[in-house]
Each structure stands twice: as C-alpha cells, then as structure tokens.
Amino acid sequence: MRQQQFERDNAHAWTRLRDLLTALEGRRRPGPEVPLQRLAPLLRQVSGHYALARSRGYSPGLIDELHQLVRRGYRRLYRVRPAWPGQLLEFAVAGFPRALRRHVGLFWLACALFFGPMTAMGLACARDGGLIYSLLEPDQVAQYESMYDPTNVKLGRDAERQADTDFMMFGFYVRNNVGIALRTFAWGLAFGVGSLFVLATNGLFTGAVAGHLTQLGFGTPFWSFVSGHGSLELIAIAIAGAAGLLLAKALLAPGRHRRAAALRANAAEAVLLVGGATLMLLLAAVVEAFWSSSPVIPPAIKYAVGALGWLLVGAYLSLAGRVGRRWT
C-alpha cells in the first residue's frame, strides 16, 4: 500500500487519538465527558499503524509523527496519577458520611447493641463493686485501678513522657482499636452473630470498667482521659459493627439476588463504612496519645473538648456531603 492511501485510510484514527490526548492532558482529572477508557483501544490501533509504517519504510516524517503520538498515549495511559489525596479528602467529607446514611438503620442497630450493654453494665457496676469480677480477672481489675488511682503519681503516662513514647502509644492505640473494628466487621460473615458478639462484649467490658472506677471514686481521672477521644473511637466501632451487619444482611436476606451477588454488592458498601471508621480511629489515636493522656491539661477543659467532639461527630455524620457533587 502506498503511503498516501495509508494516510487516507487511517488519518481519522490519528486525529481522534490526538484530540483525545489533548482533552485528557488539559484536565487534572478525567471527567465523565472525557472517557479515559477510550484511550487504550485507540492507542493499540495507532501503535499498529506505527509498526506498519516502520516496516514498510514510509517517510521519516510520518514515522516520527506516529512515534510521538504513541509516546504521548502511553505516557498518559500509564502515568502515575497523584489524585489520591484529593480522592481521600472527597471520601472523608462526602463519600463516607453518605454511605453511612444509606445504611443508617443498621448503624442505629449497631449502636443499640454496643451502647446498650455498655450503659447497663456501667450502671450495674457503679452500684455493685464486685460485679466487674464476673467479666475481668482480679489482676486486670487491679491494673485498671492502679492506672486511674488519683493518688498515684502516674496516670497512664509520666508528666515527663518523651515524644517517642507518645508515638509508641499512638501505634498501640491504632493497632488495638483498628483491630477491634476489623474483627467486628469481618465477623459479619458469620451471619452477623460474630458482629453482635463483638459489639456486645466490648460494650460490656467498657461499661464494667467505667462503672467500677466511678464507684471507687476514680471517675475524674478516668472520664477526663476518655472524654477527648471517646466520640471518635466509640462511634467508629459502632460503624464497623454496621458494616458487619451489612454483610450479614446479604447472607440472611439477599432479596431477589443470589447470596453471592448480594454479598458482593453489600461488601462494596461495607468497605466504605470500614474505611471511614478506620479514619476516625486514626484520628482518635492521635487525640488519645497526644491530648487525652496529657497530665497538664485540666479535666474541665478535657470535658469541654469531649462534649464538643460529640457534637462535631454528630454534625459531621448527619450533614457532611449533603451539598455538592456525589462521591463515586
């Protein structure tokens, strides 16, 4: 085939690729009006034209033109996209709270299963000092009592604790709290029984410790410590429980779908909930390590910040993402 005929037959594909690359390169993030998925097949087609032009010995000008076009295409197709910080921010401010509101019924159920046993056990242990031993071993109870005893010099940390210790505690809090959240979520695959068990038992243990320490007169050290990060940490665990119940819903009530299809669909939503809960737990770990455990901050200020935290978390989950573009 002569070069002129080759150019007439394929020039439209080269123009389409050139126009698509110009559109993509002019945008920081491809939008729906610039479909990136069209790039790969068109690029393969033009790459074939480039190979044919070289093998047939067409003019250097045409070969160089196609070579530059193919290089642009591959750079665009395989470039490293630095968009993840923006996507993460968009998820945090819109995608996650919207996903939670889509499943708000399961969230409230998880809250009841978590905070209900916590409140009941807390009130019971505040009245009966020996009830905590039905859940915890004596050495565990003694450890909590020593940690929050106002007469002790140490309250979970020394006043002179160094920054490296703060970071060590941050890592411990992340591992412990995220581990609880992931177990609460994953046990949803046991038809929800596992998630129910993890929520209820964690609520019982937390309530027992809170009630017992309050009954002993250690309430100020304990409540001033947990007030700062409690809203983030406790709500995040309940959200992880809702994610586990979402998996269970697909298994127990798949509707018109097969269980496998329902599980895939619900798992995609559950991952959004767990991702948001993890972000909340990371923030809670920062507060717990660097604020809650500080002995130089007066309890009254910690209580005030803690109350504000509950208001902000409630407002965020209720209102964030209601205005603006839907996250996908």
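A disulfide is a pair of cysteine sulfur atoms within 2.5 Å. By this rule, the protein contains zero disulfides. Two of its cysteines can nevertheless be placed with respect to the surface. C111 is buried, at 9% relative accessibility, and C125 is likewise buried, with a relative accessible area of 0%. The model described in this report is predicted.

## Overall organisation

The protein has 11 helices and zero strands. Read from the N terminus, its elements therefore follow the order α-α-α-α-α-α-α-α-α-α-α, helices being numbered from that end. Of the 328 residues in the protein, 43% are buried. The protein exposes about 18,000 Å², and carbon and sulfur atoms supply 63% of this area.

The contacts can also be described by separation along the chain. Among contacts between residues at least 6 apart in sequence, 78% join residues at least 24 apart.

## The nonpolar cores

The largest nonpolar core has 58 residues. The residues with the most contacts inside this core are F107, F115, I235, I239 and M280. Several helices contribute: α4, α5 (104–127), α6, α7 (163–186), α8 (193–216), α9 (219–252), α10 and α11 (299–319) each supply at least two residues. Helix α9 gives the most to this core, with 16 residues.

F115 offers a detailed view of the packing. Apart from neighbours within four places in sequence, F115 is in contact with L234, I235, A238 and W310. One of these partners, I235, is itself listed among the residues with the most contacts inside the core.

A second, separate core consists of 19 residues, including A13, L42, L43 and I63.

## Salt bridges

Side chains of opposite charge can pair when their charged atoms come close. In this protein the count comes to two salt bridges. The table gives the closest N to O distance for each pair.

| Pair | N to O distance | Evidence |
|---|---|---|
| E65 and R18 | 2.9 Å | salt bridge between side chains |
| R102 and E269 | 2.9 Å | salt bridge between closest N and O atoms |

What does the pair E65 and R18 tie together? E65 lies in helix α3 (residues 60–77) and R18 in helix α1 (residues 3–25), so the pair links parts that are 47 residues apart in sequence. Both partners are partly exposed: E65 has a relative accessible area of 38%, and R18 has one of 27%.

The pair R102 and E269 joins another two helices. R102 lies in helix α4 (residues 84–102) and E269 in helix α10 (residues 259–292), so the pair ties together parts that are 167 residues apart in sequence. Is each partner buried or partly exposed? R102 is partly exposed, with a relative accessible area of 41%, whereas E269 is buried, at 19% relative accessibility. The cut-off explains the second assignment: buried means under 20% relative accessible area, so E269, at 19%, falls within that class.

The surroundings of E269 complete this picture. Leaving aside neighbours within four places in sequence, E269 is in contact with R102, H103 and L246. The salt-bridge partner R102 is thus listed among its contacts.

## The surroundings of E145

E145 lies in helix α6 (residues 138–148). At 22% relative accessibility, E145 counts as partly exposed. Which residues does E145 touch, not counting residues up to four places away in sequence? They are Y133, H212, L213, L216 and F218. A further relation concerns F222: E145 and F222 are 77 residues apart in sequence, while their C-alpha atoms are 9.8 Å apart in space.

## A nonpolar patch on the surface

Nonpolar residues also occur at the surface of the protein. L88, L279 and L282 form a nonpolar patch there, with about 210 Å² of accessible area together. Of these residues, L279 lies in helix α10 and is partly exposed, with a relative accessible area of 31%. Patches are made of residues with over 30% relative accessible area, so L279, at 31%, meets that requirement. Helix α10 thus holds the patch residue L279 as well as the salt-bridge residue E269, and α10 is also among the helices that each supply at least two residues of the largest core.

Methods. Residues numbered from 1 in each chain as written. Predicted model: local features only at pLDDT ≥ 70, side-chain atom pairs only at ≥ 80, totals over all residues. Heavy atoms only, no water. Salt bridge = Lys/Arg side-chain N within 4 Å of Asp/Glu carboxyl O. Helix = DSSP H or I, 4+ residues; strand = E, 2+ residues; numbered from the N terminus. Buried < 20%, exposed > 50% of the residue type's maximum accessible area, 1.4 Å probe, protein only. Contact = heavy atoms within 4.5 Å. Areas by Shrake-Rupley, 256 points an atom, 1.4 Å probe, with all protein chains shown as cover. Patch = residues over 30% accessible without salt bridge, like charges linked within 9 Å, V, L, I, M, F, W, Y side chains within 5 Å. Core = buried A, V, L, I, M, F, W, Y, C linked by side-chain atoms within 4.5 Å.
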